Amino acid sequence: MSKLHLPLFVLASSVSASGCNGSDDLVINEFMASNDTTVEDEGGGTPDWIELHNLGSADQKLSGWFISDDEDELDKHALGKGLSVPAGGYLLLFADGNTEEGTDHVSFRLSKDGEDIFLSVREEGELTTIDSASFNEQETDVSMARIPNATGDWEASNQPTPEASND
């Protein structure tokens, strides 16, 4: 995999918590905040995207899970609606703000200029951030990926691997 190292571009970080509903097994693994040619959705559009990866040995149902680009509104977009991430597998979410296109489309877009992504779960009435990523300005068709896959530091990649390992 060819990688771009853009330290002036990207300041990404991850925060993990564990213990909730297999939550220590689910991570934000890769994302693209400016997609032009890399991935098309079912309608032929090229929305921004966020990839989740399940490190666990059991499927992870997403009922009670949320994804957001706003720390003050962690429950901005409820996942679920039949969505799950297979054991050892991936789920690609389209960040296009158009939820009418399907359950894999979220209610917000990513900003090419930089922002945050939060993955949270609600258990026993409490909303807990399980994983997050912060990033600065992004290049078109360059993803941010955890390398090594799911556990490593965030690196810019000009060869994105949506729904596949980042190794």
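S157 sits in strand β13 (residues 153–157); strands here are DSSP E runs of at least two residues, numbered from the N terminus. At 1% relative accessibility, S157 counts as buried, a label for anything under 20% relative accessible area with a 1.4 Å probe and protein chains only. Its side chain reaches the backbone oxygen of Q159 at 3.1 Å.

A quick note on the source: this is a predicted model, where local features need pLDDT of at least 70, side-chain atom pairs count only at pLDDT 80 or more, and totals for chains, interfaces and linings use all residues. Residues are numbered from 1 along each chain as its sequence is written, and side-chain values use heavy atoms, leaving out hydrogens and water.

Now for β8. Strand β8 (residues 90–95) has 6 of its 6 residues buried, so it is largely enclosed by the rest of the structure. In a regular strand the side chains alternate between the two faces of the sheet. Here both faces are covered, with Y90, L92 and F94 buried on one side and L91, L93 and A95 buried on the other. Its strand partners (pairing takes at least two DSSP bridges) look like this:

| Partner of β8 | Bridges | Direction | One bridge pair |
|---|---|---|---|
| β3 (residues 48–54) | 6 bridges | antiparallel | L52 with L91 |
| β9 (residues 105–106) | 2 bridges | parallel | V106 with A95 |

What about the nonpolar packing? A nonpolar core is a set of buried Ala, Val, Leu, Ile, Met, Phe, Trp, Tyr and Cys residues joined through side-chain atoms within 4.5 Å. The largest one has 28 residues, and F31, I50, L52, L62, I67 and L79 touch the most other members. The elements giving two or more residues to this core are β2 (26–32), β3, β5 (65–68), β8, β10 (115–123), β11 (126–135) and β13. A second, separate core of 5 residues includes V39, W49, L92 and F94.

F31 deserves a closer look. Leaving aside residues up to four places away in sequence, its contacts (heavy atoms within 4.5 Å) include W49, I50, L110, I117 and W154. There are 2 aromatic pairs, where Phe, Tyr or Trp rings (the six-membered one for Trp) have centres within 6.5 Å, and planes under 30 degrees apart are stacked, over 60 edge-to-face and the rest tilted. F31 and F135 make a tilted pair, 4.9 Å centre to centre with 40 degrees between the planes. F31 lies in β2 and F135 in β11, so the pair ties together parts that are 104 residues apart in sequence. Both F31 and F135 are buried, and with W154 they form one aromatic cluster.

Methods. Buried < 20%, exposed > 50% of the residue type's maximum accessible area, 1.4 Å probe, protein only. Helix = DSSP H or I, 4+ residues; strand = E, 2+ residues; numbered from the N terminus. Polar contact = N/O pair within 3.5 Å; in protein donor to acceptor, adjacent residues only side chain to side chain.
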